[in-house]
There are 2 protein chains.
Amino acid sequence: MEEEKRTVRAVERALDVLSCFTGKSEWGLSEIAAQIGLHKSTVHRLLATLEDRGFVIRDEATEKYRLGLRILELSANLSREDDPSVVLLPDMERLRDEIGETVSLYVRDRNERVRIQAVQSSQAIRRVATVGVRLPLSVGASSKVLLAFDDPSVRNAAMADPSWPASVEKDKFIRQLDEIRERGYATSFEEREPGAAAVSAPIIGRSGKLVAALAVSGPSNRLTPDVMHDHAAAIMEAARRMGQRLG
Amino acid sequence: MEEEKRTVRAVERALDVLSCFTGKSEWGLSEIAAQIGLHKSTVHRLLATLEDRGFVIRDEATEKYRLGLRILELSANLSREDDPSVVLLPDMERLRDEIGETVSLYVRDRNERVRIQAVQSSQAIRRVATVGVRLPLSVGASSKVLLAFDDPSVRNAAMADPSWPASVEKDKFIRQLDEIRERGYATSFEEREPGAAAVSAPIIGRSGKLVAALAVSGPSNRLTPDVMHDHAAAIMEAARRMGQRLG
DNA sequence: TACACAGTTTCATAGAATGAAACGAGGGAA
DNA sequence: TTCCCTCGTTTCATTCTATGAAACTGTGTA
């Protein structure tokens with residue numbers, strides 16, 4: 001209980017204001033105040049500061065706030081030359097062309113996963129994958145890969161998180177992860193999203209540590225369980241090669 | 001002098017810390033403190049807050065700080081469906097294929113310009129253009145377009161900015177902008193960067209207001225003044241069509 | 001062993017961030 | 001028109017919070 005905070009409250013609040021802009025791109029001042037539970041005048045000052053530094057701007061037409069271009073500038077400096085999302089892009093495109101479905105790359109960020117790269121299927125009916133989205137670690141093929149092939153402490157922390165859904169029974173889930181680690185890949189069928197399915201395999205770097213999860217996803221009527229198992233070998237092999245490519 | 005500040009100091013400082021990560025992606029704590037002119041312990045607290053919210057992370061190997069994936073998440077929500085950088089991408093690719101050089105899209109952000117979209121030339125020797133970079137409004141073809149075709153108050157503000165270089169004489173520059181407005185396009189030859197040249201034309205929306213500058217750039221031995229003038233008509237026409245496409 | 005340097009923690013104090021309240025400015029509705 | 005209702009802005013007294021000096025830890029190096 002005595003969790004000594006070494007953080008700055010005003011900054012925390014400002015970052016919470018910024019984080020509002022994930023999911024909804026246009027916010028009014030009072031709307032944000034209600035969302036975070038702060039007083040209007042506080043939010044007003046925070047937004048003024050964020051605007052001054054170019055992190056948010058006001059849409060001239062609607063008078064509402066949206067993200068500023070400083071975010072774009074920062075995101076340009078997010079990845080280095082040796083970043084998986086850059087290095088592995090050609091391999092992902094090759095796999096997409098081979099299988100014909102959308103290919104994504106996920107990494108774990110605390111108790112969530114983030115899609116750091118995606119190449120879209122060119123098929124008419126396809127899964128559209130946005131780079132940058134955050135998804136829970138409790139469901140989905142690549143979630144299970146990210147938990148199965150990392151240190152056990154990682155999955156323990158994830159399952160201890162308050163966001164962990166009670167519907168996912170922990171002991172059963174752990175057994176599932178054990179199977180996946182043996183088999184070398186994970187699948188999901190209409191698990192997180194109705195009508196969608198995915199196969200995922202671990203990308204393990206030269207040091208032997210898990211780096212990311214490679215996932216192939218598509219509509220569940222094309223990616224039936226049988227089809228997914230047919231693709232599994234190719235996906236695992238691609239993931240293995242990608243791991244070797246990393247420093 | 002009595003400029004009443006309506007901003008929050010702690011937040012300003014935190015955002016300045018974040019802004020350090022444009023240009024250099026790895027920083028140590030003391031390094032940042034020296035850069036911004038703050039005490040170590042202050043920066044320590046700010047970084048702890050930024051890290052807590054996922055805006056920065058510590059590189060496990062180097063123990064230094066780098067940007068966190070929350071920035072990626074925010075940048076995913078930066079653009080809407082009607083965003084020029086999304087809507088105009090196909091047109092930009094078409095122009096790139098027609099001319100064979102890198103095509104960029106710039107917008108003005110206060111007294112700077114930002115490259116919000118780019119499609120690369122496939123030629124071996126080419127200009128590589130990073131999306132998100134900030135450049136001065138005082139030099140370069142698209143700078144001149146952004147100032148020539150916007151409200152005169154914009155160019156006045158830009159020239160009054162302390163960052164405006166003394167080497168660019170103001171009255172001469174204004175005359176140059178007048179010529180560009182008549183001609184309909186601007187060029188630059190080894191102006192900002194040695195060995196590089198560019199042609200730029202304004203993208204004007206249906207409302208008649210300047211939205212962005214379209215630029216074609218490449219090595220100055222390929223994009224000679226003559227070649228650039230030959231391309232000008234096609235670029236202006238492409239920009240005109242792109243303007244019509246916007247809401 | 002001593003030194004230098006990066007990061008962490010503590011703590012008294014100043015002053016900065018806060019939020020209640022009042023204010024101004026549209027925008028509908030009647 | 002007039003009357004709300006809501007949104008954003010500004011003010012200001014109060015207190016709690018951010019601050020920075022200093023001490024401390026740890027790691028690498030001369």
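Let's start in the middle of this predicted model, at the rotation axis: the residue of chain A that comes closest is A:Val11, whose C-alpha sits 2.5 Å away from the axis. What does that axis do? Turn chain A by 180 degrees, with a shift of 0.0 Å along the axis, and chain A can be laid on chain B with an RMSD of 0.1 Å. That relation is the one a two-fold axis gives. Both copies also use the same surface to meet each other, since 100% of the contact residues of chain A turn up again in chain B.

Now move over to the DNA. Strand C is surrounded by 19 residues, and the closest come from both chains: A:His39 and A:Ser41 on one side of the list, B:Arg9, B:Ser30 and B:Lys40 on the other. Of the atoms of strand C that come within 4 Å of the protein, 70% belong to sugar and phosphate. If you sort the residues of this surface by class, you get seven charged, seven polar and five nonpolar.

Which helices build that surface? In chain A, helix 1 (9–19) and helix 3 (40–52) each supply at least two residues, and in chain B helix 1 (9–19), helix 2 (29–36) and helix 3 (40–52) do so too.

Finally, zoom in on a few polar contacts. The side chain of A:Ser41 has an N or O atom 2.8 Å from a base nitrogen of strand C. B:Lys40 reaches a base nitrogen as well, with a polar side-chain atom 2.7 Å away. B:Ala10 uses its backbone instead: a polar atom there is 2.9 Å from a phosphate oxygen of strand C.

Notes. Residues are numbered from 1 along each chain as its sequence is written. Chains are lettered from A and ligands numbered from 1 in the order in which they are written. This is a predicted model: local features need pLDDT of at least 70, side-chain atom pairs count only at pLDDT 80 or more; totals for chains, interfaces and linings use all residues. Side-chain values use heavy atoms; hydrogens and water are left out. A residue is near a molecule or strand if one of its heavy atoms lies within 4 Å of it. A polar contact is a pair of N or O atoms within 3.5 Å; within protein, one must be able to donate a hydrogen and the other to accept it, and residues adjacent in sequence count only if both atoms are side-chain atoms. Helices (H or I, at least four residues) and strands (E, at least two) are DSSP runs, numbered from the N terminus. Ala, Val, Leu, Ile, Met, Phe, Trp, Tyr, Cys and Pro count as nonpolar, Asp, Glu, Lys and Arg as charged, and the others, Gly among them, as polar. Copies are superposed by least squares on the C-alpha atoms of residues with pLDDT of at least 70 in both. Contact means heavy atoms within 4.5 Å.
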